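Visitor: Hi! I'm new to this one, so could you walk me through it?
Guide: Happy to. Here it is, and you can ask whatever comes to mind.

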Amino acid sequence: MNKTSNFNFTDTIILEDDLVLLRPIQESDVENLLDISINEPETWKYSLVGADGKENLINYIQQAIKARENEKEFPFIVFDKKSQKYAGSTRFYDINIDFKTLQLGYTWYGSAFRGTGLNKHCKFLLLQFAFENLGMERVEFRADNNNERSIAAMKSIGCKVEGVLRSHMPTANSNVRRDSIVLSILKDEWFDEVKENLKNKL
């Protein structure tokens, strides 16, 4: 992974506005997310790697931190300023500085934070950073093709559907493989319409 002058995996990247703050996730965040992990296991229904229950949450955070150390991913914890509580997690992954592409995903929030506008604030900050600080040409999103809530959320921020990858990945239930829907936003789309449209929804 090549580092650029404006991105380093060891940087403490903090993204925030009046409603939300995103910072790099760390091992001590197990305590901050434990309530969601224990009480809302359905949060990870469509995830390959679940964070339900303390042991799984510890493993989830350790894997995320290791991926950052290996310069493959950059995981964040999400803090909701309105309630003064930690809401969930999200990350950049499959980061390719040379090709100017990355994926945005591994996003989950506790039930109290869904439908509050929090996700749009997070996505605005992350997309703005990707296109305007990192100089990305393309930001890709993927989801289980059965995950209607996630797909609707991605479309609502301006993602365009590209297609479906059939039998693409295993699921937490190893006997079942999922179809993955692929969506994206391109740099020109961000500056031409997506940024302004998303800002108006905040």
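Visitor: What does the accessible surface of the protein come to?
Guide: About 10,400 Å², with 45% of that belonging to carbon and sulfur atoms. Keep in mind that this is a predicted model.

Visitor: And what share of the residues is buried?
Guide: Buried residues make up 46% of the 202 in the protein.

Visitor: How far apart are the mean positions of the positive and negative charges?
Guide: They are 2 Å apart, taking 27 positive and 30 negative charges.

Visitor: Let's switch to the fold. How many helices and strands are there?
Guide: There are five helices and eight strands. Reading from the N terminus, the order is β-β-α-α-β-β-β-α-β-α-β-β-α. The radius of gyration is 16 Å, close to the 17 Å that the globule rule gives for 202 residues, so the protein is as compact as a globular protein of that length.

Visitor: What does the C-alpha trace span?
Guide: About 40 × 35 × 35 Å along the principal axes.

Visitor: What share of the contacts links residues that are 24 or more positions apart?
Guide: They account for 59% of the contacts with a separation of 6 or more.

Visitor: Now the inside. Which residues have the most contacts in the largest nonpolar core?
Guide: Those are Phe-7, Leu-22, Phe-92, Leu-127 and Phe-141, in a core of 41 residues. Helix 3, residues 118-133, gives the largest share of this core, with nine residues. As background, nonpolar side chains tend to be buried together in soluble globular proteins.

Visitor: Which residues does Leu-127 touch?
Guide: Beyond residues up to four places away in sequence, Leu-127 touches Leu-104, Glu-132, Val-139, Phe-141, Ile-157, Ile-185, Trp-190 and Leu-198.

Visitor: What about Phe-131, is that one buried or exposed?
Guide: Phe-131 is buried, with a relative accessible area of 3%. This residue sits in helix 3. Setting aside neighbours within four places in sequence, Phe-131 is in contact with Met-136, Glu-137, Arg-138, Val-139, Ile-185, Leu-186, Lys-187 and Trp-190. Phe-131 and Lys-100 are 31 residues apart in sequence, with 9.3 Å between their C-alpha atoms.

Visitor: Back to the cores: how many residues are in the second, separate one?
Guide: That second core has 14 residues, including Val-30, Leu-33, Leu-57 and Ala-64.

Visitor: Which residues of helix 1 are buried?
Guide: In helix 1, residues 30-39, the buried ones are Val-30, Leu-33, Leu-34, Ile-36 and Ser-37. They pack against helix 2, strand 3, strand 4 and strand 5, the last of these being residues 101-109.

Visitor: Where is Gly-53, and what does it contact?
Guide: Gly-53 is in the loop between helix 1 and helix 2. Leaving out neighbours within four places in sequence, Gly-53 is in contact with Ser-37 and Ile-38. Gly-53 is partly exposed, at 24% relative accessible area. Between Gly-53 and Ser-156, 103 residues apart in sequence, the C-alpha distance is 31 Å.

Visitor: Let's talk backbone angles. What is the phi of Glu-71?
Guide: Glu-71 has a positive phi of about 60 degrees, although it is not a glycine. For context, most residues other than glycine have a negative phi. Glu-71 lies in the loop between helix 2 and strand 3.

Visitor: And what is phi near for Gln-84?
Guide: Phi of Gln-84 is near 60 degrees, a positive value in a residue other than glycine. You'll find Gln-84 in the loop between strand 3 and strand 4.

Visitor: Of those two, which is buried and which is exposed?
Guide: Glu-71 is buried, with a relative accessible area of 17%, which falls under the 20% cut-off. Gln-84 counts as exposed because its 54% is over the 50% cut-off.

Visitor: One last stop: where is Ala-172?
Guide: Ala-172 is in the loop between strand 7, residues 160-170, and strand 8, residues 177-186. Ala-172 is exposed, with a relative accessible area of 57%. Aside from neighbours within four places in sequence, Ala-172 is in contact with Ser-47 and Leu-48.

Conventions:
Residues are numbered from 1 along each chain as its sequence is written. This is a predicted model: local features need pLDDT of at least 70, side-chain atom pairs count only at pLDDT 80 or more; totals for chains, interfaces and linings use all residues. Side-chain values use heavy atoms; hydrogens and water are left out. Helices (H or I, at least four residues) and strands (E, at least two) are DSSP runs, numbered from the N terminus. The radius of gyration is taken over C-alpha atoms; the globule rule is 2.2 Å times the number of residues to the power 0.38. Buried means under 20% relative accessible area, exposed over 50%, partly exposed in between (1.4 Å probe, protein chains only). Contact means heavy atoms within 4.5 Å. Accessible areas come from the Shrake-Rupley method with a 1.4 Å probe; for residues, only the protein chains shown count as cover. Lys and Arg count as positive and Asp and Glu as negative; His and the chain ends are not counted. The place of a charge is taken as NZ of Lys, CZ of Arg, CG of Asp or CD of Glu. A nonpolar core is a set of buried Ala, Val, Leu, Ile, Met, Phe, Trp, Tyr and Cys residues joined through side-chain atoms within 4.5 Å.
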